[in-house]
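Please look through the structure shown here, starting from one residue in a loop and moving outward to the contact between the chains and then to elements inside each of them.

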Amino acid sequence: MKKRNLLYILPLIFTVGCEPEFDDVNLTRSNGNADFTRTVAIGNSLTAGYQGNALSREGQENSIPEILAKQFALAGGGEFKSPYFTGEAGERGAGISEISLGLLTPSLALLSGTDCNGISSIGPRYNGKKYPTGDNFNSIASQGPFNNVGVPGARLIHINFPGYGSSQGNPYFERFAASPTQTMLEHAISINPTFFTLWIGNNDVLGYATSGGEEGGDSITDAGTFAALYNQTVSALVADSAKGAIANIPDITSIPFFNTVPANAIPISGVNVALLNAAYANYNAGLDTVVAQNPAFAPEAELRKIRFSIGANYMLVTDPTLTDLSGSGLPNYRQLKAGELVTLTLPQDSLKCAGWGTRVPVPGQYILLSHEIDKISNAVTSYNTVIENAAKANGLALVDANKRMKELQSGINFNGTTYTATFVTGGAFSLDGVHPNSRGYAIIANLFIDAINETYGSNVSQVNANAYPTIE
Amino acid sequence: MKKTLLFPLLTSIPMLMFAGGFQVNLQGNKQTGMGHLGTGLTLGASNVYFNPGSMGFLDKKLSSEIGGSFISSKVAFQDQSTGITERTDNPLGTPFYAYASYKVTEKFSAGIGVYTPFGSTVDWGKEWSGSKLIQDISLRAIFIQPTVSYKITDKIGFGAGLNIVSGSVELNRAIDSPVGNDNTVNLQGSTVALGFNAGLYIQASEKLSFGLTYRSQVDVELTEGDANFNVHPALATTLPNTTFDATLPLPATATLGIGYQVNDKWLVSVEGSLVQWSAYESLDFDFANATTPDSKNARNYEDAIIVRTGVQYTASEKLDLRAGFYYDQSPIQDDYFSPETPNSDNYGITLGASFNPTEQFGIDLSTLFIIGAERESYAPIGDGGRFGGKYASRSFIPGIGLHYNF
């Protein structure tokens with residue numbers, strides 16, 4: 001009898017709780033005064049999850065709105081749909097780039113390559129895999145509406161621009177717009193959102209900056225126009241008493257795209273210094289002649305004189321704002337000054353082997369001169385004033401991305417890992433030098449969460465940014 | 001002899017897991033059935049482990065025991081920011097033991113034991129959120145203990161054995177880097193270390209017995225272990241394959257046990273242990289290659305106690321039934337809790353039975369069910385960061401053994 005009792009006990013222990021469980025199985029968080037039932041995110045590439053020069057499935061999955069939606073879900077948040085790529089575009093390593101719209105391009109990766117001097121090094125390169133052009137931009141509108149209305153390339157004006165979702169507009173939006181005439185704003189409002197995030201305005205100045213300022217043919221949106229459009233957009237979003245969080249514009253001149261190639265990137269040895277200085281002796285003498293005639297020209301002549309020395313040298317460029325002396329046979333040459341910026345896209349081989357920056361001025365599309373930088377920072381400042389006022393006027397959470405970007409300059413420690421704005425080793429940016437990587441996006445998502453909690457008294461948890469993917 | 005036939009088979013099986021820290025208290029199925037106590041008792045050849053001082057008090061000239069357990073343990077982790085729960089997928093652990101105790105003379109006994117009192121096999125998977133602390137770890141220690149015991153009087157026995165410890169560690173861990181998502185390092189090393197096990201046994205009366213044992217600390221010093229890095233090409237020059245040195249202390253344990261034979265049928269016992277885990281201050285990997293950053297991991301364990309109680313009911317000459325309970329305090333402080341040793345205060349519930357077809361031979365069965373209390377703890381990570389959340393564990397451990405005494 002005893003023996004039989006004992007045998008009964010064995011299966012009993014097997015069935016009773018061999019699997020450890022937690023008291024609070026579904027971790028619950030509070031939504032405060034906010035209501036996350038139907039959330040929508042409007043913005044540009046930063047909202048879509050663009051990184052490494054392409055929009056990829058991995059980027060979409062780690063976009064700020066997706067990260068937020070998972071945290072909102074613990075605080076009463078509802079379903080959240082992103083217009084995901086599928087098929088080949090959804091594979092790791094593939095992405096869809098703005099550079100070749102509609103084509104699948106490999107994402108940037110750190111790969112070994114050889115420069116014009118035959119020296120091998122590891123740097124950001126396309127992985128060289130061929131991806132077939134497919135149905136990546138076929139419409140998925142029937143599966144919508146989508147909660148992530150982030151469209152790479154969108155400027156503020158595009159948010160309510162009929163036709164932006166048409167074949168003449170932006171293919172990223174055309175994919176999921178309900179009709180060719182539906183605007184991004186209309187798409188968002190069709191969800192009847194209880195909560196929205198808005199991060200727009202970066203492209204209103206970024207395109208100008210990344211194409212080297214004046215030479216690029218991309219303009220900065222006028223501050224007055226920006227204010228009017230921005231306030232219209234926010235008014236439409238809050239019309240049905242939705243709550244929301246709006247993010248301001250980081251000072252884009254501090255991204256790695258402008259801070260990786262130094263303005264004095266050119267090392268020159270002794271022999272070449274003599275040769276180069278000899279080549280510019282006539283130009284410098286010509287400037288002296290102008291000063292002799294017009295002493296007031298002396299400061300500009302000093303700025304323009306070309307002087308190379310042994311070691312690191314500032315690059316030779318053309319500055320259109322200089323006095324036109326072409327009549328005297330003097331081009332608008334000068335060397336870059338400290339504080340002026342060179343883009344990440346400057347071909348290194350041209351510096352090393354084609355004499356760019358020494359024998360030949362670096363083309364303006366790769367250079368931000370100081371007057372261009374001033375224009376950019378003035379625009380960002382005025383945009384941010386508009387955004388801050390809109391947040392105050394409508395009781396919205398203000399996400400201070402600009403401040404966070406400044407903090408990133410000196411390094412921020414997130415839970416034991418330090419992030420900086422340095423290219424590759426800083427850990428926060430993707431290999432295009434403009435967009436964050438997935439960890440960078442998670443850090444910004446945490447910034448949204450903090451601002452939302454502070455404004456609406458909610459208790460939404462931050463995410464562990466360190467657990468997200470980094471560059472490959 | 002059966003023992004010699006079975007022994008080579010059992011040693012080839014991988015093993016181990018669980019108790020406070022990475023201690024594995026499963027050194028005899030009879031004892032396990034009673035809450036794993038035996039210091040104050042004389043239950044068989046396993047006295048070689050439980051109390052060398054009581055070897056001379058065994059009934060028969062030669063006693064032998066062999067057995068093992070099957071540890072099915074599961075640990076769950078809940079991230080307190082994302083709510084995501086992750087679970088270990090631990091392989092079945094199989095600690096084993098084999099003992100022989102021989103009365104050379106009435107007063108003098110000699111014996112040998114082979115057993116596995118420390119170890120851990122924890123597998124969280126390659127991708128889990130704490131992979132930078134640990135992906136999987138397998139820690140093994142086989143103790144071989146030649147032992148002598150002397151009956152000072154009819155009532156007092158003292159014994160001591162030398163521990164020859166074969167220890168090995170293998171672990172995989174992800175490396176945090178701004179570049180690359182699959183950077184990992186595999187560390188493995190093995191060594192032989194020495195320690196001792198001493199015990200005093202007092203048969204105060206026919207009914208009452210006392211035992212006091214001390215098992216020394218054993219430092220498993222790994223020298224020139226292999227560190228194999230599998231990293232992104234951009235990191236390959238700074239992190240080449242190299243060797244490492246590390247020391248893992250297996251702590252000393254002092255135990256006091258009391259046994260009381262109530263009547264012919266009932267035996268009760270209580271026991272308390274102090275495990276000197278405070279010896280485990282840090283787990284440091286010192287790499288031979290200069291550019292490989294050394295890995296310093298503070299542990300700062302605290303001494304911990306184990307309290308056990310158990311009963312044995314002799315139903316007939318052929319059947320003993322046992323039950324027990326113990327409380328095993330976690331040595332790990334909340335601020336130094338690493339998922340490589342996901343241990344919380346454990347509550348163990350045990351049942352056991354011995355079937356004795358003949359006077360010489362019997363089968364010993366036990367089951368142990370361990371409930372690891374839910375705890376919220378964090379481990380230091382990176383530069384002043386913390387990784388953690390809530391942890392909970394369950395273990396189910398059936399065991400089987402044979403004894404042969406004549």
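In this predicted model, B:Ser177 is a useful place to begin, since, once its neighbours within four places in sequence are set aside, B:Ser177 is in contact with residues of both chains, namely A:Arg439 and A:Thr470 together with B:Asn183 and B:Leu235. The residue belongs to the loop of chain B that runs between strand 7 (156-174) and strand 8 (184-203). Is B:Ser177 buried or exposed in this loop? With a relative accessible area of 8%, B:Ser177 counts as buried, because the cut-off for that term is under 20%. Its side chain also has a polar partner within the loop region, for a polar atom of that side chain lies 3.0 Å from the backbone nitrogen of B:Val179.

The contacts of B:Ser177 with A:Arg439 and A:Thr470 lead on to the interface as a whole. Here 43 residues of chain A are in contact with 45 residues of chain B, and the area buried between the two chains comes to about 3,500 Å², with carbon and sulfur atoms giving 57% of it. How many salt bridges does the rule find across the interface of chain A and chain B? There are four salt bridges, and one that can be located in the structure joins A:Glu19 to B:Arg87, where the closest N and O atoms are 3.3 Å apart. Counting residue pairs in polar contact between chain A and chain B, with both residues at pLDDT 80 or more, gives 18. On the side of chain A that touches chain B, helix 1 (2-15) and strand 17 (417-419) of chain A each supply at least two residues, and helix 1 of chain A provides the largest share, seven residues. Sorted by class, that side of chain A is made up of 19 nonpolar, 14 polar and 10 charged residues.

Within chain A, two places show how residues are covered. A:Gly150 lies in strand 6 (residues 148-150) of chain A, and A:Gly150 is buried, its relative accessible area being 6%. Which residues are in contact with A:Gly150, leaving aside its neighbours within four places in sequence? They are A:Ala41, A:Gly43, A:Asn44, A:Thr47 and A:Ala48. A:Gly49 can be added to this picture by distance, since its C-alpha atom and that of A:Gly150 are separated by 8.0 Å although the two residues are 101 residues apart along the chain.

The other place is helix 7 (residues 203-210) of chain A, which is mostly covered, with seven of its eight residues buried. The buried residues are A:Asn203, A:Asp204, A:Val205, A:Leu206, A:Gly207, A:Tyr208 and A:Ala209. What covers these buried residues of helix 7 includes helix 8 (223-238), helix 9 (256-259), strand 14 (367-368) and helix 14 (370-394) of chain A. After helix 7 of chain A comes A:Gly212, whose phi is positive, near 85 degrees.

Chain B offers two strands for comparison. Strand 1 (residues 62-69) of chain B has eight of its eight residues buried, and both of its faces are covered, with B:Leu62, B:Ser64, B:Ile66 and B:Gly68 on one side and B:Ser63, B:Glu65, B:Gly67 and B:Ser69 on the other. Strand 1 runs antiparallel to strand 4 (residues 96-103) of chain B, to which seven bridges join it, and it also runs antiparallel to strand 20 (residues 385-405) of chain B, again with seven bridges. B:Ser64 can be followed to both partners, its bridge partner being B:Ala100 in strand 4 and B:Tyr404 in strand 20.

In a regular strand the side chains alternate between the two faces of the sheet. Strand 13 (residues 266-275) of chain B has a covered face formed by B:Leu267, B:Ser269, B:Glu271, B:Ser273 and B:Val275, whereas B:Trp266, B:Val268, B:Val270, B:Gly272 and B:Leu274 make up an uncovered one. Strand 13 pairs with strand 12 (residues 253-261) of chain B in the antiparallel sense over nine bridges, and these two strands form a hairpin with four residues between them. Strand 13 is also joined by 10 bridges to strand 16 (residues 304-316) of chain B, and these too run antiparallel. B:Ser273, on the covered face of strand 13, stands opposite B:Thr255 of chain B and opposite B:Ile306 in strand 16.

Conventions. Residues are numbered from 1 along each chain as its sequence is written. Chains are lettered from A and ligands numbered from 1 in the order in which they are written. This is a predicted model: local features need pLDDT of at least 70, side-chain atom pairs count only at pLDDT 80 or more; totals for chains, interfaces and linings use all residues. Side-chain values use heavy atoms; hydrogens and water are left out. Contact means heavy atoms within 4.5 Å. Buried area is the accessible area (1.4 Å probe) that two parts lose on being put together, summed over both. A salt bridge is a side-chain nitrogen of Lys or Arg within 4 Å of a carboxyl oxygen of Asp or Glu. A polar contact is a pair of N or O atoms within 3.5 Å; within protein, one must be able to donate a hydrogen and the other to accept it, and residues adjacent in sequence count only if both atoms are side-chain atoms. Ala, Val, Leu, Ile, Met, Phe, Trp, Tyr, Cys and Pro count as nonpolar, Asp, Glu, Lys and Arg as charged, and the others, Gly among them, as polar. Buried means under 20% relative accessible area, exposed over 50%, partly exposed in between (1.4 Å probe, protein chains only). Two strands pair if DSSP finds at least two bridges between them.
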